[in-house]
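Colleague: Hey, could you walk me through this one? I haven't looked at it before.

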Amino acid sequence: MDTVDTAAVSSASSFKVALVTGSSRGIGAAIARRLAGDGFAVVVNYAGRVDAAEQVVRDIEAAGGRALAVQADVADPSAVAALFDRAEAAFGGVDVLVNTAGVIQPGLVPLADTDDALFARLVDTNLKGTFHTLRLAAARLREGGRIVNFSTSVIGLALPGYAVYAATKAAVETMTNIFAKELRGRGITVNAVAPGPTATDLFLDGKSPEQVAHLAKLAPLERLGRPEDIADVVGFLAGPQGAWVNGQTLRVNGGMV
C-alpha cells in the first residue's frame, strides 16, 4: 500500500493535501474521509493497523477521492520525517496537518497509580508525537496551510483518573497557541480541537456500560459525540470558512464544559 503512483502525483498536483496522523480508525478515520470529501488528497497515517488504514483508503477512493496509507509511529522523529517525505513524494507537498494520533490510559488511572511505562507512553505519543510533527511542519507545510492539533475536554472537566492524559493534552493546547504566533507571516493557522466523550473504540475501551451512560448524560444534548461531529469541526478549520480562526482551542463536547 505504501508505494508511489507517479501518475497520481502528477494528477494530484492541483489538489490540496492533508496529512492526518492516527487516521486508521475512530475520529482520525472520520476526519480523513471528511477531508477527502472536501477535495483534499489524504495521507492516512497509521502506527500498526495496516488493514484498517487500507480500508479507509479504499473507502476514500471508492467515493472518488485520493488517498495513501503510510505507516509511522509519531513518537519516533525519524519516522515522522519519513512520513512527510512520503506525503511529498506522493502528492507534491502538505497543506493541512491534523494531529489525531493519541493514546489514553486503560480506564481510570489515578496519578498515584500511574507507573513509569504508562506515563512514558502517554507523553511519547500525545505530547512528543505532536511536537515532532509540528517541528517539521514549520519548515515543510506549504504557505497558507492549516494545522489542527487534538486536545481533550477532560482538561475542563478535571476528571479524577485522567491526570497524566489531561496534562499531555494541556501541553498540546499551550504549544498550539504559541506555535500560531511563531508562524507569523506564513499564512498558516494553528488550532486545537478538544472533543468530549466520543463513541470510538479508544474511548469505550475499559469503561463499563454504567460509566459510558454517565458520561453520555454530562452534556446538555445527552449523548456521546460521534466521530463525524468532530470531523465536521476539523473540516471547517481546514476549509476557507475557518481562515480567521487561529491560536484557539475549540471545545467540541455538546456543552458539557
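Modeller: Sure, starting with a helix pair: helix 5 and helix 7 cross in a right-handed way. Bear in mind this is a predicted model.

Colleague: At what angle do helix 5 and helix 7 pack, and how far apart are their axes?

Modeller: The angle is about 15°, and the axes lie 8 Å apart. Helix 5 covers residues 116-140 and helix 7 covers residues 163-182. Angles under 35 degrees count as roughly parallel, so helix 5 is roughly parallel to helix 7.

Colleague: Which residues make the contact?

Modeller: From helix 5, they include Phe119, Leu122, Asn126, Phe131 and Leu134. On the helix 7 side, Tyr165, Lys169, Val172, Met175 and Phe179 are among them.

Colleague: And by class, how many are nonpolar, polar or charged?

Modeller: The contact of helix 5 with helix 7 has 13 nonpolar residues, three polar and one charged.

Colleague: OK, switching to strands. What's the order in the sheet?

Modeller: It's an open sheet of seven strands, ordered 3-2-1-4-5-6-7, and the pairing is parallel.

Colleague: Which strands stand at the edges?

Modeller: Strand 3 (67-71) and strand 7 (249-252). Each has a single partner strand, so one side of each has no neighbour in the sheet.

Colleague: How much are neighbouring strands turned against each other?

Modeller: By 20° on average, ignoring direction.

Colleague: Let's zoom in on strands 4 and 5. How many bridges do they pair over?

Modeller: Four, with strand 4 (residues 94-99) running parallel to strand 5 (residues 141-150). For example, valine 96 has arginine 146 of strand 5 as its bridge partner.

Notes
Residues numbered from 1 in each chain as written. Predicted model: local features only at pLDDT ≥ 70, side-chain atom pairs only at ≥ 80, totals over all residues. Heavy atoms only, no water. Axes fitted to C-alpha atoms, helices over the stretch in contact; angles between N-to-C directions. Helix = DSSP H or I, 4+ residues; strand = E, 2+ residues; numbered from the N terminus. Parallel < 35°, antiparallel > 145°, perpendicular 65-115°, else oblique. Left-handed = near helix turned anticlockwise from the far one by under 90°. Contact = heavy atoms within 4.5 Å. Nonpolar A, V, L, I, M, F, W, Y, C, P; charged D, E, K, R; others polar. Pairing = 2+ DSSP bridges.
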